[in-house]
Every structure is written in C-alpha cells, then in structure tokens.
Amino acid sequence: MWIPHSVPKTTFHLFIPSNEFVSCRLATNEVEPVISSVNFSWTDCMPKPLKLLCLDNIAIHFSLYPEQLFEWITPINIEYIVETLSTSLPISLVIHVPGDEYWRRRYDDTWSPNNVNSKRNSAVVSDTVKSLYITKYVSEIIENLEPGYVDETELSEMLKVCSPFVTAIDCKQLRIQSSMVHTLADDEPRGILPHDPIHINMKFILSVLKNIRALSLVYGSRKFTLEPPLYTPEQYNLNINDMETLGCGLVISEHLTSLAITKSELNMAKFNRLLPYLMECHGLEEINFSFCKLSSQGGKSVAHFIKTAKMLKLVNLCGNNIGPDGVESLSFVMLWRRNNNYQAIELNLNMNNISDIGAKYLASALASGVQPLTKLRIRNCNITKIGGLNIAQSLAYDCGLRVLEIDNNPLTLEVAIALHTTLKTNLNITHISIQNCNFPQSITKFLNNVAFYNRHGKRSEFIYVDIEYLFNDEDVEEENILLEDETMESEIIENDDKEGLM
C-alpha cells in the first residue's frame, strides 16, 4: 500500500483523518507519532526491504533486461517498478511497460503536468494513456522531420516500435527544408520562392504506421508573427507533389476512417491530384478540409469524391470561400447519395459565401424528403431573408435533419416566424443555433427550448406558444418550465471540436 496510485480511491478517502483528533500522550511533553493516511512520505524514514532494493536496481539497469521481464515478476512488483522507472529512457526500451501509470508520469515529464484525460480529442482513437502518449510522441517527431535530412533507417525502426500503439497522427505543422526559409530585408522585394516547398514524404510514414485510423495534417504555418524576421507566405505553400506522396500513403492505409487537411494552401488543382487516391479509400467516414482555399471549383471536386464514398458521414468545408455554384454541386450529390441508399451527411459550410442562392439549393435538398443531411452548419454565410425563409420552410418536409446552425446571418423577423411555424410539427430538430440573426430574444429562447425538449423526448410535455405571445417573456416563462435549466446550459453540441475554430 506504499504505492499511491495502487490505493483505491474509495479506500483513500475513507481513511483521510479528521481535522479534529485527539493525540495519545505518552508524557507531559510527548506526543505519539501519528501516521497520516494521505502522506506517503513516511516510508522514506524506514529502511528499504531487500526486495525493494532489488527492484530499484532493476529499474536503474532496465536496459539490460529482456522484454519478458514483466511476465516474470508479480503484479505488485510491477506497480513498484512503474513508479520508479526513469521517464527519460528511449521509447524502444520502455514500449512494453504495461498499464497507464508510467505513461502518465512520462507524459507529465515530457509536456505539461496537466490532466492527461483532458488532452484527448477526436483524432485520438485509443482510450489508454499509453496510446495517447505514443500518439503525441510520434506526431511531434513527424512534425519535426526536415525533408532531405531524414535517416529513413533510424526513423523506420522507431516507427515500427510504436506502430502497434499508434492509431492516429495529429501534426500541427509540417516542416519544409531550412534552406528554403528565406528572410527578407526591409528593402528587398516581396517575391515568390522558385518553387513550392516539399514536405516530408507521408507515403513512407504511412507505410510503417499500418494501424492509422485518423490522420490530421497542417501544411500551413502554426502561427503568424509581425516580429522580425518576416517570412513570405509562399514558404507555407503546399506543393502539388505532396498530394502525390500523401495519396500513395492513403491508399495503403487500410484502416483509415478520418482524414483532415486544414489551414493549408489546398486548392482545386492540388485536391484534384489527391482525388484519384481518395477514391480508393473506401473506408473513409470523415473528411475535413476546413480553412483551405478550395473555392467553388474545389467544392465541386469534393462533391465528386462524396458521390463515390459510400461510408462517408461527415464533410467539413468550413472557411473555403465556396460560392453558390459549389453548394449546388454538393446539394445535388447529397440527393444522389440518398437516392442510391448511401448514408446521410453531416455538412459543415460555416464561413463560406453561399448567399441566398446557395441556401436555396440546400433547402431544395432538404425539401426533397429523402433526408440527405443529419446536421447542417451554415454560420457566417451571408444568408439573408430569402435564403433563411427557404431553409425554414424546407424543414416542414424533412425528417432527417437533427442539427441546424445558422448563426451570424442577417436574417429577419419573418424567418423567425417561419421557423416557429415549421418547428411546431418538426420533432426531429434536437439542436438549433440562431444567435445574432436579428431575432427577438424571446423567440430565440423559445426555439432553443423546442429543440431542447425534442432532444430529451419530452415534446409532449411542452406547450407550444403562439407567436403573438412570444414578445412577452413573462407569459412564456409561466407556461413552460424547462426540465433542467442547468442541463440545457451545460449541454454542448458533440461535434463542435471538428469545426477547427478553436
């Protein structure tokens, strides 16, 4: 019981001493020593048993022992070793250390000592701290690889050791050759580099890491600064040959289900180079090309891929300057998919200039009745009254859409009234976000309440107030009492982290 993490939490809390206790006095000025259940340092004052000295020696000379060490010793001795084993040992030596305690210590010593559980995200598929650590470790190694200066033999050996535990790669910024990092003097013209820089060969990486299910890459800059030296934006361009090597790697990744290329110079031409390889990735369920430069033509290319991806569930094209003609192609493909018994799509078009024309195309798809979308996110899309009315009225014919986010669009009171009319019979919308849409606060709150009751299957208990009464907050509050105000405030839409806005 001298190993803190081995003590069950219930036992630990049970034996926490009270703040007020009476000490047993041996003499007038003498107090009996008291061992506190929350202070494990008392063992430091006692001589170590021979067994613990042996285990300390094993930990010190850990590199001399074979992989079968943990099969030879008892569980309680394993607990002790993982508490004392150095966290600076090479990954190849400790890869077989079982449990989570050693890897939690190593995570804290390598990065910040924050709660490891809070570090998990959608890209990390595994639940173990060991997999979490190794995933982050490998991702950082890939980020720091400099093209042209990679020892592939050494890298391959390291990746093979980690491969069984790595199911995701999350690279925040891939490097280019340092020789191409060109600083400009104040009087030097801002030209362009002779050619786009080439990043690390992802085909080689993915050929070794064979269990990858989620791949997230950023070819752009991690951060921008106005401090000297200033770098040219061209240094962070994406070479079209990068798409060739990445595509070859995607094809051999048999378990890949999620692909994200974000905050990068991914345009139509470069996406088209990647497209033939994407069409061979039959297991893809999620694609995220947010904050790239696809524009409307690139949106059409993405629509061409969506048409062939049978398993696809989520498409994130946030911040790509996609216009109405790109939305037209996407809407048509959504209908085609449902007519051919493909899965419905969660579509994120936030921060695109789809305007009222694009909103009309989306409304036509919803009004078709084939349920093409499960979630529709169209925040900051320059949609006005006409487009808003089309979207609102289409919900009367759609039974598949569960989430609608249309915040920060210059809508009008007429759109709010149309949503009020539609949601009276639509019981499928479980989340609606309509902030900064020029709606009266009372109507906004009421429609959020409607979605809240739909979400909890309590719509029959909800009194649907007529629109003329919604301009008086007090009347509405008297007639409808929420299930739990705190529950409503604390609920967060499950896929917000996939938008890449944080």
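Does E154 count as buried or exposed, and at what relative accessibility? I open with that residue, and I will then move from the surface of the chain to its interior. Please keep in mind throughout that this is a predicted model.

E154 counts as exposed, because its relative accessibility is 53%, and the cut-off for that class is over 50%. The residue is found in helix α8, which covers residues 152-162. On the surface, E154 gathers with D151, E152 and E157 in a patch of negative charge.

Let me now place that helix in the whole. The protein chain holds 19 helices and 11 strands. It has 502 residues, of which 46% count as buried. The chain exposes about 25,900 Å², and carbon and sulfur atoms supply 54% of that area. As for contacts with a separation of 6 or more, 79% of them are between residues 24 or more positions apart. Several of the pairs that I shall describe are separated by such distances in sequence.

The surface also has a nonpolar patch. L413, I417 and F471 make this patch, with an area of about 250 Å². Of these residues, F471 is found in the loop between α17 (441-455) and α18 (473-479).

I turn next to the salt bridges. A search of the whole structure finds 12 of them, and I will present three.

In one of them, the side chains of R273 and E244 meet at 3.2 Å, N to O. R273 lies in helix α11 (residues 268-278) and E244 in helix α10 (residues 240-251), so this salt bridge ties together parts that are 29 residues apart in sequence. R273 counts as partly exposed because its relative accessibility is 31%. E244 is also placed in the partly exposed class, because its value is 27%.

Another salt bridge is formed by the side chains of R377 and E405, again with 3.2 Å from N to O. Here the partners lie in strands: R377 in β9 (residues 373-377) and E405 in β10 (residues 403-405), so that distant parts of the chain, 28 residues apart, are linked. What is the exposure class of R377 and E405? Both residues are buried.

The remaining example joins E461 and K458, whose side chains meet at 4.0 Å, N to O. E461 is partly exposed, with a relative accessible area of 48%. K458 is partly exposed as well, at 33%. Beyond individual pairs, salt bridges that share partners join E346, R377, R379, E405 and D407 into one network. The buried pair R377 and E405 thus belongs to that network.

Let us now look at two buried residues and their surroundings. S331 has its place in helix α13, residues 324-339. It counts as buried because its relative accessibility is 5%, where the limit for burial is under 20%. Which residues does S331 touch, leaving aside those up to four places away in sequence? They are Y361, L362 and A365. S331 also lies 9.8 Å from K360, C-alpha to C-alpha, although the two are 29 residues apart in sequence.

The other buried residue is L89, in the loop between α4 (75-84) and α5 (91-94). At 18% relative accessibility, L89 counts as buried. Leaving out residues up to four places away in sequence, L89 touches F62, V94 and R106. Its C-alpha is 8.6 Å from that of S63, a residue 26 positions apart in sequence.

Finally, I draw your attention to the backbone at two loop residues. F291 has a phi near 55°, a positive value in a residue other than glycine. Its place is in the loop between β6 (286-288) and α12 (295-306), and F291 is partly exposed, with a relative accessible area of 26%. M351 likewise has a positive phi, near 60°, and is a residue other than glycine. M351 lies in the loop between β8 (345-348) and α14 (355-367), and it is partly exposed, with a relative accessible area of 41%.

To close, I return to the opening question: E154 counts as exposed, and it belongs to the patch of negative charge on the surface. Thank you for your attention.

Notes: Residues are numbered from 1 along each chain as its sequence is written. This is a predicted model: local features need pLDDT of at least 70, side-chain atom pairs count only at pLDDT 80 or more; totals for chains, interfaces and linings use all residues. Side-chain values use heavy atoms; hydrogens and water are left out. Helices (H or I, at least four residues) and strands (E, at least two) are DSSP runs, numbered from the N terminus. Buried means under 20% relative accessible area, exposed over 50%, partly exposed in between (1.4 Å probe, protein chains only). Contact means heavy atoms within 4.5 Å. Accessible areas come from the Shrake-Rupley method with a 1.4 Å probe; for residues, only the protein chains shown count as cover. Patches are made of residues with over 30% relative accessible area and no salt bridge: like charges are joined within 9 Å, nonpolar side chains (Val, Leu, Ile, Met, Phe, Trp, Tyr) within 5 Å. Lys and Arg count as positive and Asp and Glu as negative; His and the chain ends are not counted. The place of a charge is taken as NZ of Lys, CZ of Arg, CG of Asp or CD of Glu.
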